[in-house]
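Subject: Structure for your review

Dear colleague,

Please find below the structure that I am handing over to you. My notes on it follow directly after.

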Amino acid sequence: SLPNGVRVIPWGWRHSLWAAFALFFVILETDEIASQEAKRQRSQLKQGYTGSIHGARCSFQADERRIRAEIGGQAEYVDDSIRVLIRAGMSSKHLRQAIISHGVV
């Protein structure tokens, strides 16, 4: 017999409560993993970056000429795009495809 006013949580509710707690911690851990991945990508994007594409160099002169010709007078826009990617800490397949399909942003 239980003391006055004390109620037993039904078995189904207890199961649901444990499932909710487990889901909460899985989501929390997933968020932490995503945060660590964003930091890793941000670090990779910044590696060797001087703040502008003017300081960028290519291994092959022909590549550098082709890239600079494609950029043309839009270096400021490319620099802005790179800053956005670094701040976001990512460069996804979809972002790269958008840049390819719509030209230099």
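I begin with a salt bridge between R83 and D80, whose closest N and O atoms are 2.5 Å apart. Please bear in mind throughout that this is a predicted model. Both residues belong to helix α3, which covers residues 75-88, and because they are 3 residues apart there, about one helical turn separates R83 from D80. R83 has a relative accessibility of 33% and so counts as partly exposed. D80 is likewise partly exposed, its relative accessible area being 33%. Elsewhere, R57, E64 and R68 are joined into one network by salt bridges that share partners.

The structure as a whole contains 5 salt bridges. Another of them links D63 to R66, with 2.4 Å between the closest N and O atoms. These two residues lie in helix α2 (residues 61-71), and their spacing of 3 residues means that about one helical turn lies between D63 and R66. How exposed are the two partners, D63 and R66? D63 is partly exposed, at a relative accessible area of 27%, whereas R66 reaches 54% and is therefore classed as exposed, the cut-off for that class being over 50%.

A further salt bridge is found in helix α1, where the side chains of E37 and R40 meet at 2.4 Å, N to O. E37 and R40 are 3 residues apart in this helix, about one turn. E37 is partly exposed, with 31% relative accessible area, and R40, at 40% relative accessibility, is also partly exposed.

Helix α1 deserves a description of its own. The helix runs over residues 11-46. With 36 residues, α1 spans 53 Å from its first C-alpha to its last, which is close to the 52 Å expected at 1.5 Å a residue. Just after α1 comes G48, which adopts a positive phi of about 75 degrees.

Which residues make up the nonpolar patch on the surface? The patch is formed by L17, W18, F21, F24, F25 and L28, which together have about 690 Å² of accessible area. One of these residues, F25, is placed in helix α1.

The aromatic residues of this patch also bear on the ring pairs. How many aromatic pairs does the structure hold? There are 2 aromatic pairs. In one, the ring centres of W18 and F21 are 6.3 Å apart and the ring planes stand at 65 degrees, so this pair is edge-to-face; the cut-off for that class is a plane angle of over 60 degrees. W18 and F21 are 3 residues apart in helix α1, so that about one helical turn separates them. W18 is exposed at 63% relative accessibility, while F21, with a relative accessible area of 42%, is partly exposed.

In the other pair, the rings of F24 and F25 have centres 5.2 Å apart and planes at 75 degrees, which makes this pair edge-to-face too. F24 counts as partly exposed, at 45% relative accessibility. F25, by contrast, is exposed, with a relative accessible area of 51%.

Finally, I turn to the protein as a whole. Its secondary structure amounts to 4 helices and 0 strands, and the order of elements from the N terminus is α-α-α-α. Of the 105 residues in the protein, 10% are buried. The protein exposes about 8900 Å², and carbon and sulfur atoms account for 61% of that area. Among contacts between residues at least 6 apart in sequence, 63% join residues that are at least 24 apart.

To summarise the local findings, the salt bridges described include R83 with D80, D63 with R66 and E37 with R40. The aromatic pairs are W18 with F21 and F24 with F25, and these four residues are among those that form the nonpolar surface patch.

With kind regards

Methods
Residues are numbered from 1 along each chain as its sequence is written. This is a predicted model: local features need pLDDT of at least 70, side-chain atom pairs count only at pLDDT 80 or more; totals for chains, interfaces and linings use all residues. Side-chain values use heavy atoms; hydrogens and water are left out. Patches are made of residues with over 30% relative accessible area and no salt bridge: like charges are joined within 9 Å, nonpolar side chains (Val, Leu, Ile, Met, Phe, Trp, Tyr) within 5 Å. Accessible areas come from the Shrake-Rupley method with a 1.4 Å probe; for residues, only the protein chains shown count as cover. Rings of Phe, Tyr and Trp (its six-membered ring) pair if their centres lie within 6.5 Å; planes under 30 degrees apart count as stacked, over 60 as edge-to-face and the rest as tilted. Buried means under 20% relative accessible area, exposed over 50%, partly exposed in between (1.4 Å probe, protein chains only). The expected span of a helix is 1.5 Å times one less than its number of residues. Contact means heavy atoms within 4.5 Å.
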